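Here are some worked exercises to try with the sequence and the 3D structure side by side. Have a go at each task before you read its solution.

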Amino acid sequence: MATPAIRMFRRLEGLFCVYKPPGVHWKLVRDTVQTNLLKGLNDTPSQPLPHEVRFLVQSSSDGEAAKAVTVSAASVPVLSKHPLVTGPEFQDIRVGVGHRLDVFSSGVLVLAVGNGNKKLNDLHSTQVTREYMLEGEFGTATRDFSHTGPVVERSTYDHITQDKLERVLAMLEGVNQKAMLTYSKVDLRSQEAYEMAVHGLLAPEGKSPPIITGLRCIRFQPPNFTLEVQCLNETQKYLCKLVHEIGLELRSTAVCNAVRRTRDGFFTLQDALTRHHWTAADIMQAVQQYHSAKRERKHSQSLISAPLQTSEGNMAAAQEKERSKK
Amino acid sequence: MASTCAQLCLRCRIPLCSKAVTRSLQNCTQAQHYNTVSKVPTKIRGGLFVRGSHITLQARRGWKQQMCYYDVTAKYLTTEAQENKFTNELSRRDVASLMATGDAVPLTENQTSLDLDAAGEFSALEEISDEEAVSIFVSSDIPPVSISLRDYVDKSETLSKLVQLGVSLWKLEKRANVGSMLLRLDFNTDVAPRLMFLKGIGVEDSRLGYIISHNPFILTETLENLQTRVNYLKSKKFSSETVASMVSRAPYLLNFSVKRLDNRLGFYQDQLSLSAANTRNVVARLPRLLCGSLEPVKENLKMCEIEFGFKKNEVQHIVKAVPKVLTANKRKLIQIFDFLHNTMKVPHYLITKFPQVLNSKYLRIKERHMFLEYLGKAQYDPALPNYISLDRLVSLPDEIFCTEVALATVEDFCLFQKTL
């Protein structure tokens with residue numbers, strides 16, 4: 001029989017995403033979520049103690065009948081099942097982390113509870129793109145490409161215009177598109193490759209270096225600029241390096257001030273739970289929302305494919321009619 | 001034929017009885033003999049059949065040693081259902097006959113050991129009356145070795161009383177030697193007097209469980225020692241209510257010798273150059289100071305003076321207001337002070353005025369400051385208009401902070417956090 005805690009745990013199983021603040025290690029985020037979940041699970045009312053019948057010896061206090069011992073049957077609670085003896089019902093739950101974020105960066109971090117960890121593997125193998133906001137600043141270069149690192153070089157940036165920046169971005173995007181074609185391992189001259197490219201289904205097969213699928217500048221106020229990047233198989237270090245290389249390409253230098261992930265697969269910033277909402281109740285709500293969203297997505301997919309079939313059916317019926325007329 | 005049958009029976013019985021009590025070799029041979037005799041009428045069928053199943057058993061023995069004999073046959077010989085029944089019957093008879101021999105043989109190991117146990121009080125042959133029979137205390141089957149206190153709770157009076165007091169045994173059993181120490185205690189002679197003593201000095205009933213869960217060793221301390229330590233604290237002009245609250249908040253307090261306690265009190269008075277009343281106040285508010293090591297405290301004090309640049313009297317003031325600074329994590333303190341002083345540009349005298357900020361969370365301060373800065377309200381100078389005190393910045397809960405200090409909604413604050 002499932003206790004309230006187990007029933008609650010089943011409702012918690014699945015994927016959800018949190019917003020990782022900058023300057024915090026992802027392990028700390030995971031552990032905080034885990035302890036909060038355990039606290040929530042173990043706060044549920046525990047089952048009443050089972051009773052067992054035991055024969056209790058009662059020695060009578062009278063002097064003369066000191067030896068007369070009566071045995072009475074009594075129903076006493078089994079203390080070995082007491083929560084203070086057995087400990088809380090859940091002492092460890094598995095909380096898995098999706099694509100990692102390093103200490104310096106912030107943003108959407110996908111977490112999985114219980115059997116959601118299996119889905120996390122599926123999510124990893126379906127090469128979903130992730131979206132980042134990169135805050136860059138022209139004028140300096142540092143050893144680790146972030147603004148906190150030791151400064152290596154300073155340069156001027158007056159000559160940089162938005163036009164020049166966008167030309168560099170377009171060049172980078174083109175290079176990455178080419179890389180994507182080579183790593184997706186399809187024959188370029190085949191119909192298959194054409195179909196996949198039209199539907200945007202090209203993805204690198206197996207392991208590949210980081211590939212950028214989209215890159216644009218959304219704010220340009222020299223020396224500061226903001227880039228929006230969609231990419232695959234990336235690390236945050238690579239993105240910082242990207243900013244550095246853009247700076248070099250523009251005959252200047254640039255550092256990365258912040259890396260913020262705004263989307264991981266279909267988990268967006270709207271779904272992400274901030275630090276104050278990492279409680280069992282809020283997480284349960286987020287997981288339920290994820291499940292319902294998944295159901296809707298499946299439903300809509302079946303709706304899309306259904307009309308196609310019916311239209312094909314109609315066409316077939318029409319053709320048959322024509323034939324019969326002839 | 002009879003002898004081969006018996007051998008086969010014997011071979012098959014070894015996995016069959018793997019869970020049963022191991023018997024001496026002599027016993028086995030006797031049983032074997034017994035079996036051969038008992039099985040003469042069914043020997044041909046039984047013998048044939050046993051051989052067949054024995055082959056399957058050999059094939060599977062590698063990966064299922066523990067499996068019972070007739071489980072194997074039931075699983076792999078389902079086609080011959082009728083004969084299967086015979087084997088089951090047979091194997092059951094095997095077991096039964098084994099049991100019978102076990103009981104019948106007078107000098108088995110089991111029985112000798114039983115005799116030794118009982119030899120102290122009663123002879124097995126002596127007749128006893130009903131009254132005596134009732135009054136014999138049958139020792140409950142306490143396991144001699146266990147990895148958990150769970151097996152002992154229902155049997156041991158001490159443990160069951162402790163559970164009723166609210167002691168979390170599952171935490172205690174993880175600590176080395178504590179489990180066996182608790183089992184050795186007797187409730188009436190060891191536990192009850194100490195509980196009465198704790199109640200006598202004014203500890204509330206609800207705190208007893210907490211104290212013992214954290215410091216089970218208070219149950220092994222002698223009553224005289226406990227009394228002298230309480231007397232010492234009282235001689236230092238701690239009131240009896242203070243002593244009670246200190247003991248209930250720092251469970252290890254009464255386990256330390258008077259010399260050590262005196263040493264600690266002297267240290268705090270010297271290092272902080274506080275008056276006696278102030279020292280008492282600081283220690284009464286954070287009795288943990290008397291239990292822990294002094295080295296981290298010294299480090300924190302030096303850090304406040306040298307690294308942070310507080311003056312001696314400022315440190316004194318901070319400690320008087322927030323004693324927890326002394327035991328706080330050094331790295332976290334540095335992080336908070338760095339942010340307050342270098343990013344928020346708060347001068348030393350304001351931090352001294354609101355020392356509570358050093359006790360709060362770094363992320364909380366950071367997020368709130370960034371939010372106020374984004375709104376253009378980050379103004380921490382009391383001389384200028386729209387002044388926001390550090391106290392209000394840190395100690396207010398989120399809802400009140402958003403509505404009263406930042407003049408925004410909680411949703412806005414939440415959205416802002418997602419842009420950091």
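**Warm-up: one residue in its surroundings**

Val297(B) counts as buried, at 2% relative accessibility (buried means under 20% relative accessible area, exposed over 50%, partly exposed in between, with a 1.4 Å probe and protein chains only). This is a predicted model, in which local features need pLDDT of at least 70 and side-chain atom pairs count only at pLDDT 80 or more, while totals for chains, interfaces and linings use all residues. Residues are numbered from 1 along each chain as its sequence is written, chains are lettered from A and ligands numbered from 1 in the order in which they are written, and side-chain values use heavy atoms, with hydrogens and water left out.

**Exercise 1.** Find the helix that holds Val297(B), then list what Val297(B) is in contact with beyond its neighbours within four places in sequence.

*Solution.*
Step 1. Val297(B) sits in helix H18 of chain B, residues 295–307 (helices, H or I with at least four residues, and strands, E with at least two, are DSSP runs numbered from the N terminus).
Step 2. Setting aside neighbours within four places in sequence, the contacts of Val297(B) are Phe267(B), Tyr268(B) and Leu326(B) (contact means heavy atoms within 4.5 Å).
Step 3. Ala328(B) is 31 residues from Val297(B) in sequence, with 8.7 Å between their C-alpha atoms.
Step 4. For chain B as a whole, take the contacts between residues at least 6 apart in sequence: 69% of them join residues at least 24 apart.
Step 5. Chain B has 25 helices and zero strands, and buried residues make up 40% of its 420 residues.

**Exercise 2.** Which residues of helix H12 of chain B are buried, and what covers them?

*Solution.*
Step 1. Helix H12(B) spans residues 187–200, and its buried residues are Phe187(B), Val191(B), Arg194(B), Leu195(B), Phe197(B) and Leu198(B).
Step 2. Their cover includes H9, H13 (205–214), H14 (223–235) and H15 (240–249) of chain B.
Step 3. Look just past the end of H12(B), where Gly202(B) takes a positive phi of about 105 degrees.

**Exercise 3.** Describe the interface between chain B and chain A, from its area down to single pairs.

*Solution.*
Step 1. On the chain B side 25 residues are in contact with 28 residues of chain A.
Step 2. About 2200 Å² is buried between the two chains, and carbon and sulfur atoms give 60% of this (buried area is the accessible area, with a 1.4 Å probe, that two parts lose on being put together, summed over both).
Step 3. Asp154(B), Trp170(B) and Lys418(B) supply 31% of the area that chain B buries against chain A, more than any other three residues.
Step 4. There are 14 residue pairs in polar contact between the chains, both at pLDDT 80 or more (a polar contact is a pair of N or O atoms within 3.5 Å; within protein, one must be able to donate a hydrogen and the other to accept it, and residues adjacent in sequence count only if both atoms are side-chain atoms).
Step 5. With four residues, H22(B) gives the most to the side of chain B that touches chain A.
Step 6. Between chain B and chain A the count is one salt bridge; Arg275(A) and Glu367(B) meet through their side chains at 3.0 Å, N to O (a salt bridge is a side-chain nitrogen of Lys or Arg within 4 Å of a carboxyl oxygen of Asp or Glu).

**Exercise 4.** Is Ser80(A) buried or exposed, and which residues does Ser80(A) touch?

*Solution.*
Step 1. Ser80(A) is in the loop between strand E3 (69–77) and helix H3 (83–86) of chain A.
Step 2. Its relative accessibility is 14%, so Ser80(A) counts as buried.
Step 3. Not counting residues up to four places away in sequence, Ser80(A) touches Val85(A), Thr86(A), Arg150(B), Val153(B) and Asp154(B).
Step 4. The side chains of Ser80(A) and Asp154(B) make a polar contact at 3.2 Å.

**Exercise 5.** How many disulfides are there over all chains, and why does Cys217(A) not bond to Cys256(A)?

*Solution.*
Step 1. Searching the whole structure gives zero disulfides (a disulfide is a pair of cysteine sulfur atoms within 2.5 Å).
Step 2. The closest cysteine sulfur to that of Cys217(A) is in Cys256(A), but it is 13 Å away, so it is too far for a bond.
Step 3. Cys217(A) is buried, with a relative accessible area of 10%.
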